[in-house]
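Q: Could you give me a close look at the nonpolar core in this model? Please then place it among the other parts of the chain.

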Amino acid sequence: MSAGGERERAPEQPGLRRWELAGFPGRMEIASYLTAQDHAAQYRLIVDVLFEAQAVTLTGVGRDELLAALGERVESVVGVPRARDLLTLPVLDLDARMQQLAKWGVVHSWQDQARTEADFVRSRDRYQLTTDAADLHGWLRERGDDQSAMTSAAAFAPAVIADRLNEVLEAVTGKDYPAAAQAWSQVGTTLKTMADAARVWQSRMASALAGAPDEGKIERLRETVMSYITVWGAGIDTYTARIRDAVGELDRLGPQLWREVAVVGLDPGAGEELISKMAQVHEAGVDTLRAWFAGPDTQASRLRRQVRNAVSPLLRGTRALLSTGGHITRQAELFRVAAAIEEAPDDQAAWRMWCQTTGQWSAQHLPGESADPPVGAARTSFWEAPPVPIDAVARQRARGSSGGPAGQVPNRRVARDQARWLLDQQRREQSAAEDLLAARSGSALSSWAPLGLGEAALFWGILAAVGSARTTQESQVRRVTTADGRWQVIAHPPARPTESACVRTPAGDIVCPDWTLELIPA
């Protein structure tokens, strides 16, 4: 046993040291106060008090001040009488606790100088949290906070990023690099907030989809999906094209732009190494924007697909909870028995089916005489026996099973296999149609051969998106993303506005302007 009653660490097994020598991060001693088996509650309270004290003092907390602060905190929770028992020896050995925290690297410990004779007899120890311990405990306190503030801050993140990128490009055009640096700093902050909100959504969805559904998981998944849809989903679809175009313009300007922006936030005498490092940081921010909005498989589109794929498990889990009422039932078994009896060819077969499933066979008279049963409850007639009491819970949950084997769920494996096969077939047909349609990219509609059934279904969505896109006076080229987010379309106008094309489909002919379509899978 070590100081404070904590258990010694188990000896390391041979070979474990090689992982640390290889450079992989190992044990964090400062986190030991969270997992201490004997005094974890005391350690966390002490660290919490020291953490709050950092906001009001930079010279540490004396032992007497720490003990008084602990007393106030404990009294506010359990009251004065119980607090006295919890704060005295041997329940709380403050010196032993602080020595152990110092060994773990959680606190710095030193002593004040003795200026009077009384200082020689009183404890002059002072404590302050280390930097790593303060960072760890700050994260621990924020971990349990409501994430609504983060999602609220990400509500207008795509719009803010698009507007700030436009400001960056306008400032660079006028050589106003301080304004460009200011707008770019807001882009970085907003992008980080957006990424943090996305990380929270993804972790919540992964946790809610793990294992069997229950009420808490379904509610958490529903809140996450609705939070994404109402807060962020529409903004991604609206502003992705603007952000992608702005990222392409930043790439065209080259690395020299970020050197000019980096110089704005540095001292005039900053060295070349520091300027290059800051320029690389800004370029990394552009790479992050590209990964989110401008690549062939962007993070924004992946998150949208994850949310879309989480809707089906949400509905299935909700239906499962509604069908069982939150507890195991025998309803499925009774329905199967009723269906089997209904399909019986005659009454005798139906009676045999009932007897087989319930065990209520007719009496069989066997030769010989059986011994008389013992006197007691076994000789009591069913009709004369007193009623069995049934508690209120069993009466309220009439369909619930109070004993016997666990309720069985109807076997829908054949239906699932058939649905999976149909889904795979639809995906193959859709993929083939997408490949055929993508092969027509870059050609005028008047040169298109007749469309197949799958191609026509995709073409309708593309045509609707192009028709609703807006043009500018400078350019009549239309850039748009389809409603399902699967295609990015660039529609070039015909050479003469009066030219039209007739596209043949199985359902009829479509007459529209003779656009030249560039089809890019999103």
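A: Happy to. Let's begin with a term: a residue is called buried when its relative accessible area is under 20%, exposed when that area is over 50%, and partly exposed in between. Please keep in mind that this is a predicted model. By that cut-off, 31% of the chain's 522 residues are buried. The chain has an accessible surface of about 34,000 Å², and carbon and sulfur atoms account for 55% of that surface.

Now to the core itself. The largest nonpolar core has 43 residues, and the members that touch the most others are Ile161, Leu165, Trp184, Leu250, Trp258 and Leu289. Two or more residues come from each of these elements: helix 9 (157–173), helix 10 (177–208), helix 11 (215–253), helix 12 (256–264), helix 13 (272–294) and helix 14 (299–324). Helix 10 is the greatest contributor, giving 13 residues.

Leu289 is a good residue to centre your view on. If you set aside neighbours within four places in sequence, Leu289 is in contact with Ile161, Leu165, Trp184, Val187, Leu191, Val247 and Ala294. Three of those partners, Ile161, Leu165 and Trp184, also appear among the core members that touch the most others.

Stepping back to the whole chain, the secondary structure comes to 19 helices and 8 strands. Of the contacts between residues at least 6 apart in sequence, 65% link residues at least 24 apart.

Some of the strands form an open sheet: there are 3 of them, in the order 1-3-2, with antiparallel pairing. Strand 1 (61–62) and strand 2 (107–111) lie at the edges, each pairing on one side only. Strand 3 (residues 125–129) runs antiparallel to strand 1, and 2 bridges join the two. In one such pairing, Gly62 has Arg126 of strand 3 as its bridge partner. Helix 3 (residues 40–53) packs on this sheet and touches strand 1, strand 2 and strand 3, with a direction about 85° from that of strand 3.

Further along the chain is a hairpin. Strand 4 pairs with strand 5 in the antiparallel sense over 4 bridges, and Thr481 sits opposite Gln488 of strand 5. The side chains of strand 4 (residues 478–481) alternate: Arg478 and Val480 are buried and point to one face, whereas Arg479 and Thr481 point to the other and are not buried. Between the two strands are 5 residues, and in this hairpin Gly485 adopts a positive phi near 75°.

The next loop, between strand 5 (487–492) and strand 6 (500–505), holds Arg496. Arg496 counts as exposed because its relative accessible area is 53%. The C-alpha atom of Arg496 lies 9.0 Å from that of Asp514, a residue 18 places away along the chain.

Finally, a word on cysteines. The structure has 0 disulfides. The cysteine sulfur closest to that of Cys502 belongs to Cys512, but it is 8.6 Å away, so the two are too far apart for a bond; the cut-off for a disulfide is 2.5 Å between sulfur atoms. Their surroundings contrast too: Cys502 is partly exposed, with a relative accessible area of 37%, while Cys512 is buried at 8% relative accessibility.

Definitions and conventions. Residues numbered from 1 in each chain as written. Predicted model: local features only at pLDDT ≥ 70, side-chain atom pairs only at ≥ 80, totals over all residues. Heavy atoms only, no water. Pairing = 2+ DSSP bridges. Contact = heavy atoms within 4.5 Å. Axes fitted to C-alpha atoms, helices over the stretch in contact; angles between N-to-C directions. Core = buried A, V, L, I, M, F, W, Y, C linked by side-chain atoms within 4.5 Å. Buried < 20%, exposed > 50% of the residue type's maximum accessible area, 1.4 Å probe, protein only. Areas by Shrake-Rupley, 256 points an atom, 1.4 Å probe, with all protein chains shown as cover.
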